[in-house]
Every structure is written in structure tokens, then in C-alpha cells.
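Work through the following exercises with the model open beside you, and try each task before you read its solution.

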Amino acid sequence: MMVTETGEGLRALRSLGWLLWIALAVAWFATMPVRPLLDPDEGRYAEIPREMLASGDWITPRLDGLKYFEKPPLQYWATAVTYSLFGLSEWTARLWTVGLAFLCLPMVFMWTAPLYGKTAALAALGVLAVSPYFAIVGHLNLLDAGFSFWLAGAILAFTRAQLAAERSLRERRWMLAAWAAAALAVLSKGIVVGVLCGATLILYTLLERDGRPWRRLHALWGLTLFLVIAAPWFIVVSVRNPSFAAFFFIHEHFARFLTTVHQRVEPWWYFILILLLAALPWLAHLPRAATAAWVENGLDRSFKPLKFLLIFSAVTLVFFSASGSKLAPYILPLMPPLAIIVGVRATRSARFPRAMAAASAAYVLALSVGLALYVLRINGAVHGPGIGWLLAAALMPLSGVIATYRPRAHSLRAGLWMTAAGALLGWQCLLCAFTDLLPQRSAYRLLLPVKPLVHAQTELFSVGQYRETISPYLQRTMQLVDFQGELQFGLSKEPGGQLSDQAFLTRWHGTQDAIAFLDPASLAAWRRRGLEGEVISADQETVALSRMSTSRP
């Protein structure tokens with residue numbers, strides 16, 4: 001029997017036991033403080049809130065002291081608050097995004113359980129957890145996990161409103177929750193929220209020939225709530241920075257979608273490939289699940305929630321495939337809805353838990369072997385803690401295989417739970433192996449001998465490059481030399497943020513307390529131009545050159 005009571009989701013959540021949820025949370029957050037920040041994105045999104053907290057300016061985001069308007073500030077604010085409470089570290093830099101990614105799991109469970117039962121809810125949770133795409137992107141300090149939580153939350157709240165009794169208090173509460181979540185999604189990544197949600201609702205209306213959802217939007221109160229949450233920052237930042245609106249709305253939205261100005265060009269089928277890789281552990285079940293969702297019989301008052309979720313997933317995939325700028329994490333918001341669609345259908349197959357567990361284990365093992373072979377080819381050896389992480393990655397998902405081996409009905413939920421937890425740990429261990437075996441993807445090791453030499457008076461120069469993880473680890477901005485890159489807009493508004501080559505050499509020769517970071521390939525050329533100093537650290541991406549004596553107390 002299907003029910004729509006709000007409290008049913010919470011009761012279903014509790015019925016599985018808080019200890020199981022705590023265990024899943026431990027599995028999810030296990031490696032968050034272990035992995036160093038990765039270039040470029042994790043460093044960037046760790047540094048902007050650090051500068052926000054240090055400057056006290058919570059309106060104008062800055063990167064390396066320069067205005068940075070590419071994204072809205074919600075994640076910056078949350079991370080800055082976390083820094084103020086617990087200090088700057090890998091886990092505090094990631095807490096907001098990794099935490100919201102984790103909350104997608106209970107959100108999917110709580111939405112599914114009242115409508116389709118606890119077994120389907122647990123299957124949906126397992127489907128989401130075993131996806132390498134969701135697990136890996138969700139463990140990185142990116143904007144996409146938080147954006148996906150709020151956007152998927154808006155879509156799921158909207159569907160619950162449509163399933164509630166018309167003009168009821170429950171309908172209004174769910175719709176207001178949807179409006180609020182949409183506003184937070186806008187503050188996370190921008191106005192693309194309106195395109196995805198609006199296109200989904202229009203298509204559903206046309207396909208179902210049902211205009212009732214439009215009459216149940218509670219638009220007056222909902223839009224008011226949306227504007228109260230989302231609008232103030234956009235207004236204030238525009239008043240303080242007259243150039244904001246043109247850059248953010250035109251350059252970062254319309255130009256990003258319509259042109260290749262951001263130089264992130266991929267073929268039209270790029271996100272189809274990403275989706276296939278993301279869904280590989282349950283790919284065989286996706287076509288039937290999508291077909292079942294498409295022909296779903298209406299629930300209360302004939303609204304079809306699974307069909308609505310399927311349309312949203314398709315709209316998201318098509319929209320970003322049509323964009324002139326493509327990055328792998330962009331389609332993350334469609335993963336929670338797809339997990340629900342597959343999870344609901346999967347409960348009809350007794351073989352699904354075992355098949356998903358076996359596919360997940362094989363997938364993790366294949367990628368572990370692939371990573372080991374790649375590192376062996378480029379480095380000539382695979383050694384250190386990375387080997388242990390690879391072994392752990394290969395072994396963790398086997399717990400799900402073992403738990404689903406005995407075909408007893410009462411072990412179904414335990415098997416799904418173990419499959420989810422084992423896969424989460426496996427993907428994290430693989431991510432840890434990646435960061436350990438390819439240390440050049442972070443400045444963490446480069447800075448170990450550098451950090452003791454940096455104090456308040458030390459001048460820091462970034463020459464011909466800007467490596468994003470340097471500043472958060474040193475907790476200092478750097479003087480740019482002959483570089484623009486993603487800081488081009490900020491430099492155009494504050495030209496003094498960059499030194500010419502000659503001005504840098506003059507400053508360098510006039511100090512005895514400075515460190516420069518530059519490309520190893522350019523070091524010889526700079527030496528010929530008179531750049532003196534001692535190499536105190538280096539990796540494949542950066543050389544750290546010191547103007548001071550390394551023996552200085």
C-alpha cells in the first residue's frame with residue numbers, strides 16, 4: 001500500500017536503526033581528512049572562503065586577492081563558517097560539499113520509502129552509493145555535490161507536493177520546501193536551476209496534457225520565499241561591484257552555454273559516456289527501469305512522480321550535452337532521481353542485489369588494476385601507501401558480494417546495506433590511492449619543506465602559473481607574475497595584482513625574504529635572466545625557489 005504521509009519517511013529512516021545509518025556515515029566520511037587537496041578545483045574552493053574569512057568581506061568573493069565572480073557564494077559562506085569554528089584543514093574544506101553529498105543518500109531513502117516501500121528505498125540508496133561517479137565527485141571539494149543536493153531536493157519536494165491532497169497544508173509545505181531548495185541551488189551554482197526545473201515542468205505538462213501542477217505551485221508565497229533567500233546577495237554584490245552582473249549572467253551563463261569561450265570543449269556524446277560509466281554497476285537494469293517510469297500508472301490524483309524524475313534526468317542530460325562548455329561533474333544532479341527510478345524497479349528482480357554487488361566489486365577491481373598499470377607506465381613503479389589503498393579498494397566491495405550470496409529473503413536488506421557501504425569505502429580507497437600514487441596532483445608534498453620558511457613578512461611570488469592548492473596550505477595569497485588564466489577578470493579590474501617580468505626581478509633582487517613558485521621548464525630561462533635563489537622543493541608541476549637561507553632561524 002502506498003502512503004504519502006510526511007512522517008512515513010522519518011519512520012522508515014528510523015526503522016533501519018540509527019546504528020546502521022551511523023555506520024554508513026562513518027563509511028562515507030572515512031577518508032575525508034586523509035586525502036590532500038587536489039589541483040585545481042579543491043584548492044580554489046578551499047582558498048576563496050579562507051580569503052573571505054581573513055578579509056571579513058562576505059559579499060565579494062576573491063581568489064588570490066582578486067575579484068572572482070564565477071560562482072555564487074553559498075559554499076564559500078558555509079566553508080568560511082566551518083573554518084572559523086574548526087580551523088583550515090582538508091576535512092573542514094570539504095565538509096560542506098561532502099556532507100551534502102552524503103545527505104543525498106537519506107534524502108533518496110526518505111522520498112522512496114513512503115511511496116514504494118522500505119526495500120525499494122534501500123535499493124535506491126544502494127544504487128546511488130555504488131555509482132563511482134556519485135561517490136568520487138561527492139568526495140571532492142567541488143560545487144556540484146551541494147548544487148545537486150539542493151536541486152534534487154527541490155525536484156523531490158515538488159513531486160511530494162503534487163502527491164499531497166490539493167490545497168492541503170502538506171501540499172503548501174512541500175512546495176515552499178521546493179522553492180527554498182531551488183533558491184539555495186541558485187546560491188550554489190547559478191540560474192541554470194530555473195532552466196532545468198522549468199523545462200522539466202513544461203515537458204511533463206505537454207506530455208501528460210496535465211496543467212494541474214502549474215496551479216499547485218503556490219507561486220505567490222513560493223516566489224516570495226525564493227527571492228528572500230536568493231536575491232539579497234545578488235543585489236548587494238551588484239551594488240558594490242557594477243561589473244558583476246555582466247560577467248556573472250552573460251559571461252558565466254549565456255557565453256558558457258552558447259560558446260566555447262571557456263575552452264572546455266567536448267563532443268556531444270560526452271555526458272552520455274559519463275552517464276554510462278556512472279551507471280555501470282546497474283546499467284543493465286536502467287533501460288527497463290526507465291521504460292517502467294515512462295509508462296508509470298498515476299499515483300494520487302494521477303500525478304506520475306517517476307515519470308517526472310525521468311524527464312528531469314533527460315532534460316539535465318540534454319541541456320548540458322548541448323552546452324559549449326562541458327566538465328564531467330555537471331550532470332551529477334540527475335543521479336539521485338535515476339537512483340530512485342532504478343531502485344523502485346529493481347525490487348521486482350530477486351537477482352538484483354547480488355548482480356549489483358558483483359558488478360560493483362568487479363568495477364572497483366578493474367579500475368584499481370587500471371590505476372596501478374597507469375602509474376607503473378608513467379612512474380616506472382607502484383610503491384608506498386598507494387599499494388595498500390589499492391588492495392583495500394579491491395577488497396572492500398566484496399563485503400556486499402558475501403552479504404548477498406545467501407538467497408534468503410531476510411538477508412535482502414542486509415545485503416543491500418553492505419553493498420552500499422562496501423562500495424563507498426572501495427571508491428574512497430581508490431581515490432586515496434590516486435592521490436598517493438600521483439602526488440603531483442596536489443602541492444601538499446611540495447610545500448612540506450617550504451611551509452616552515454614562510455612567515456608574515458615573506459614575499460610569495462607565483463611566476464607564470466597559479467597553482468591553486470599552494471595558497472590554502474600556506475594560508476597566504478601570492479603576487480602573480482606574468483600570468484592571468486582564470487584570474488583574468490579580477491586582474492582586469494585590479495591591474496596592480498600582476499607584476500611584469502622585470503618588475504618581479506627588481507623586487508626579487510631587493511629582498512632577502514621571498515619564495516617564488518614557477519614551472520620547472522622555465523627555471524633555466526629565468527636563471528639566464530639573473531634569477532638567483534636556492535631550490536628548496538620541486539615536483540613535476542612546480543619549483544619552489546627561495547631567496548633566503550634555508551638555515552635561517
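**Exercise 1. Find the residue that stands opposite Ile515 in E8, and describe how the two strands run.**

Solution. Begin with the residue pair: Ile515 has Ser546 of E8 opposite to it. Next, place this pair in its strands, where strands and helices are DSSP runs numbered from the N terminus, with at least two residues for a strand (E) and at least four for a helix (H or I). Strand E6 (residues 514–518) and strand E8 (residues 543–546) are joined by 4 bridges and run antiparallel; two strands count as paired if DSSP finds at least two bridges between them.

Before going on, note that this is a predicted model, in which local features need pLDDT of at least 70 and side-chain atom pairs count only at pLDDT 80 or more, while totals for chains, interfaces and linings use all residues. Residues are numbered from 1 along each chain as its sequence is written, and side-chain values use heavy atoms, with hydrogens and water left out.

**Exercise 2. Write down the strand order of the open sheet of 6 strands, and explain what is special about its edges.**

Solution. The order is E5-E4-E3-E6-E8-E7, and the pairing is mixed. Strand E5 (498–499) and strand E7 (534–538) stand at the edges with a single partner strand each, so one side of each has no neighbour in the sheet. Turning to E3, we find that it runs parallel to E6, with 5 bridges between them, and that it also pairs with E4 in the parallel sense, over 3 bridges. Within these pairings, Phe461 has Ala516 as its bridge partner in E6, and it stands opposite Gln479 in E4.

**Exercise 3. Decide whether Gln479 is buried or exposed, and list what it touches.**

Solution. The relative accessible area of Gln479 is 19%, and buried means under 20%, exposed over 50% and partly exposed in between, with a 1.4 Å probe and protein chains only; Gln479 is therefore buried. Leaving aside neighbours within four places in sequence, its contacts (heavy atoms within 4.5 Å) include Leu460, Phe461, Gln498 and Arg507.

**Exercise 4. Identify which residues of helix H19 (residues 385–395) are buried, and say how they are arranged.**

Solution. The buried residues are Gly386, Leu390, Ala393 and Ala394. Seen down the axis of H19, they fall within an arc of 95 degrees, so they line one face of the helix; the arc is taken from the directions from the helix axis to the C-beta atoms. On the other side of H19, Pro385, Leu391 and Leu395 are exposed. Finally, the cover over the buried residues of H19 includes helix H18 (352–379), helix H20 (398–403) and helix H21 (412–437).
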